[in-house]
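Let's take a walk through this structure together, one piece at a time. Have the sequence and the 3D view at hand as you read.

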Amino acid sequence: MKIILYIIKKEFKQIFRNKGMLPIIFILPLLQLVILSNAATYEIKNIQFGYVDADNSSTSRELIEQFEASTYFNVSEKFPSEKEASQAMQEGTIDAYLNIPTHFERDLQKDKTKGIGVFIDAIDGSAAGVINVYITQIIQNYNKNIVADLIQISDTVQKPNSIESIPLFWYNQTLNYKTFMVPGILVLLVTMITLFLSGMNIVREKEIGTLEQINVTPIRKSHFIIGKLFPFWIIGMGLLTIGLILAKVIFNTPMLGNLGLLYAYTSVYILVILGMGLFISNFTDTQQQAMFIAWFFIVIFILMSGLFTPIESMPKWAQILTEFNPIKYFVEIIRMVMLKGSGFVDIFPLAIKTLAYAIVMNGLAVWSYKKTT
Amino acid sequence: MMKDNNVIQVENLSKLFGDFAAVNQISFQVKAGEIFGFLGANGAGKTTAMKMLIGISSPTSGKATVAGFDVYKETESIKKNIGYMSQKFALYDDLTVKENITFFGGIYGLSKKQIEHKRRELVEELGLQEVTNSLVASLPLGWKQKLAFSVSLLHEPKIVFLDEPTGGVDPITRRQFWEMIYKAAHNGTTIFVTTHYMDEAEYCDRVSIMVDGKIEALDTPKKLKEHYKTDTMNDVFLKLARG
């Protein structure tokens with residue numbers, strides 16, 4: 001126990017003496033939290049929108065006005081024909097355009113229905129999907145108004161009742177994406193910093209030759225490893241704390257669940273990451289190698305964590321792979337605890353998997369750390 | 001079979017890397033209190049052999065005991081009884097002299113009092129009073145090497161292994177370094193030292209010369225010179241190493 005304390009003291013001295021590392025550990029991640037949380041949003045605003053109005057009727061003009069009134073669309077241009085509109089989309093100056101055919105107003109009043117051309121730049125498929133939904137909503141809202149007008153004119157005709165869905169968004173009523181993203185990004189930062197620091201720390205001692213000096217001492221493997229990793233565990237918890245404070249102060253992210261529960265879970269979660277870092281450093285000889293391997297895993301973990309793309313929409317094999325992604329568990333749990341107020345029973349299945357992961361990972365790491373080669 | 005006064009006993013010890021025998025069936029004994037010079041050209045297998053003896057590399061075959069402990073099974077017991085100074089400077093550059101001493105004393109399990117006592121003694125002996133609170137990185141190489149040697153003696157090991165301890169330091173410092181080695185040997189510590197400097201070989205009680213993984217000669221410097229009919233260890237070495 002005393003020996004562990006000597007190592008911990010030494011590690012903290014080295015960490016806080018390294019003036020180049022301190023800002024990397026504490027300031028960069030928090031800058032990232034602020035920047036990424038504001039930038040990473042699924043909301044699509046400022047859609048560059050054009051139209052071709054071959055009808056030039058009051059109905060078509062009113063329809064366009066609906067778009068102009070929307071905060072999502074920048075109605076930029078009226079094109080004389082479809083050719084110019086398509087040309088503009090080709091050049092990338094507009095994201096979508098509407099093609100209102102001739103006799104739009106007349107046909108609508110006569111047949112009660114009329115097709116309208118909607119063209120969307122679908123290079124970014126998910127963005128195109130969202131734009132489509134926006135456009136359809138605006139057109140349908142407007143279309144209903146017309147129908148209502150018609151009803152007033154001829155009361156005698158029985159219209160079928162249209163079914164309208166009224167969405168209710170639970171846990172995040174205003175669909176504020178920052179509320180959704182901030183906890184997830186905080187997870188990323190805690191993970192990245194602890195993985196990189198722990199992965200590079202022991203390999204650094206390998207590089208400068210001090211690890212050999214340690215290996216000729218009678219120190220026990222477990223003592224050395226605990227002493228080495230504990231400071232990074234503290235740093236991880238510290239980052240979480242600062243991150244949560246920023247989330248509250250800057251983004252006003254709710255904290256519906258139990259803060260203690262979140263800390264308890266995080267303390268286990270960081271063990272998984274530290275085990276990984278140690279495992280990586282056992283199989284690499286230079287900090288550069290360790291960095292690349294850590295990056296390799298981090299990128300996969302991030303993209304398959306459900307943070308940016310829902311896991312439910314991944315192919316089956318990918319969903320199975322995400323079972324091995326620690327970030328996935330933490331992202332899910334931090335969102336559950338902070339946004340839904342989930343309690344211990346709710347997160348138990350995920351937490352127990354994380355605990356098992358921590359035991360396996362650290363077991364592997366201790367086993368693969370060899371004082372003798 | 002092991003005599004009481006042999007602190008290192010090696011029999012047919014080998015280390016293979018694939019087909020290549022870095023160390024090829026070497027046998028020798030080192031007596032307690034002896035200064036044993038372990039010579040050889042670069043790549044002759046000195047460091048590999050030493051790493052097996054200090055318990056950080058497993059031998060492929062052969063037998064060896066260090067301080068009475070087996071190099072296969074009792075490496076951790078060996079480590080309690082030896083000190084080691086590698087050819088790469090292996091103290092922490094970003095810790096001060098004092099912190100390095102405290103750290104290494106601590107992980108060898110010395111008490112706070114012992115560490116404090118050792119630190120005073122060591123700082124005084126090396127004349128490091130002015131720099132105890134300076135980072136080791138700021139010390140000249142010669143001082144660093146002397147400090148590293150003293151740190152390897154902190155826990156009063158029976159044997160200390162020195163891997164090219166004087167590489168790259170000036171002749172005056174080398175001289176001082178050897179005075180420290182003599183002093184440690186005088187206090188009963190066995191010294192196992194590798195070196196490239198043949199004048200240093202003359203200071204050893206006995207030397208072995210390794211060529212291509214084998215020990216080609218082992219005796220006192222005086223007898224080796226007689227046997228090879230030369231005046232200096234340098235010439236002995238050249239005769240052997242050139243085959």
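A good place to begin is strand β7 of chain B, where both faces are covered: I159(B), F161(B) and D163(B) are buried on one side, and V160(B) and L162(B) are buried on the other. In a regular strand the side chains alternate between the two faces of the sheet. Five of the five residues of this strand, residues 159-163 of chain B, are buried, so β7(B) is largely enclosed by the rest of the structure. Please keep in mind as you look that this is a predicted model.

Which strands does β7(B) pair with? One partner is strand β6 of chain B, residues 82-85, which pairs with β7(B) in the parallel sense over four bridges. Here I82(B) stands opposite I159(B). Another partner is strand β8 of chain B, residues 190-195, again in the parallel sense, this time over five bridges. In β8(B), T190(B) is the bridge partner of I159(B). To get from β7(B) to β8(B), the chain passes through helix α6 of chain B, residues 171-186, and this β-α-β crossover is right-handed.

Elsewhere in chain B you can find antiparallel pairing. Four strands form an open sheet in the order β2-β1-β4-β5 (chain B), with antiparallel pairing. At its edges are β2 (20-31) and β5 (69-70) of chain B, each of which pairs on one side only. Within this sheet, follow strand β1 of chain B, residues 6-17: five bridges join it to strand β4 of chain B, residues 61-66, and the two run antiparallel. As one example, E11(B) stands opposite K63(B) in β4(B).

Strand β1 of chain B also holds N12(B). This residue has a positive phi of about 50°, although it is not a glycine. Is N12(B) exposed or partly exposed? It counts as partly exposed, because it has 13 C-beta neighbours inside 10 Å.

Another antiparallel pair in chain B is made by strand β9, residues 206-211, and strand β10, residues 214-219, which are joined by five bridges. In β10(B), A217(B) is the bridge partner of I209(B). The hairpin of β9(B) and β10(B) has two residues between the strands, and in it D212(B) takes a positive phi near 45°.

Now turn to chain A, which has 14 helices and four strands. Of its 373 residues, buried ones make up 33%. Among the contacts in chain A with a separation of 6 or more, 80% are between residues 24 or more positions apart. In the loop between β3 (96-100) and α5 (104-111) of chain A you will find H103(A). Its phi is near 60°, a positive value in a residue other than glycine. H103(A) counts as exposed because it has 12 C-beta neighbours inside 10 Å.

With both chains introduced, look for the nonpolar interior. The largest nonpolar core has 130 residues, and those touching the most other members are L186(A), L53(B) and F161(B). Helix α7 of chain A, residues 177-208, gives the most to this core, with 16 residues. What does L186(A) touch, leaving aside its neighbours within four places in sequence? It is in contact with L33(A), L240(A), G243(A), A247(A) and I334(A). Another core, of 17 residues, lies apart from the largest one, and Y51(A), A85(A), I94(A) and I131(A) are among its members.

The two chains also touch each other, through a contact that takes 22 residues from chain B and 20 residues from chain A. On the side of chain B that touches chain A, α2 (75-81) and α3 (97-107) of chain B each supply at least two residues. This side of chain B divides into nine nonpolar, seven polar and six charged residues.

Finally, a word on confidence in chain A. Its mean pLDDT is 84, and 90% of its residues reach 70 or more. Confidence in chain A is highest in helix α10 (residues 259-282), at a mean of 95, and lowest in helix α6 (residues 125-153), at 68. Over residues 146-162 of chain A, pLDDT stays under 50, and the model has two contacts beyond four places in sequence for them. Where pLDDT is low, the predicted coordinates should not be read in detail.

Definitions and conventions. Residues numbered from 1 in each chain as written. Chains lettered and ligands numbered in written order. Contact = placed C-beta atoms within 7 Å. Nonpolar A, V, L, I, M, F, W, Y, C, P; charged D, E, K, R; others polar. Core = buried A, V, L, I, M, F, W, Y, C linked by C-beta atoms within 7 Å. Buried ≥ 20, exposed ≤ 12 C-beta atoms within 10 Å, placed from the backbone. pLDDT = per-residue confidence, 0-100. Pairing = 2+ DSSP bridges. Right-handed = clockwise from strand over helix to strand, strands pointing away.
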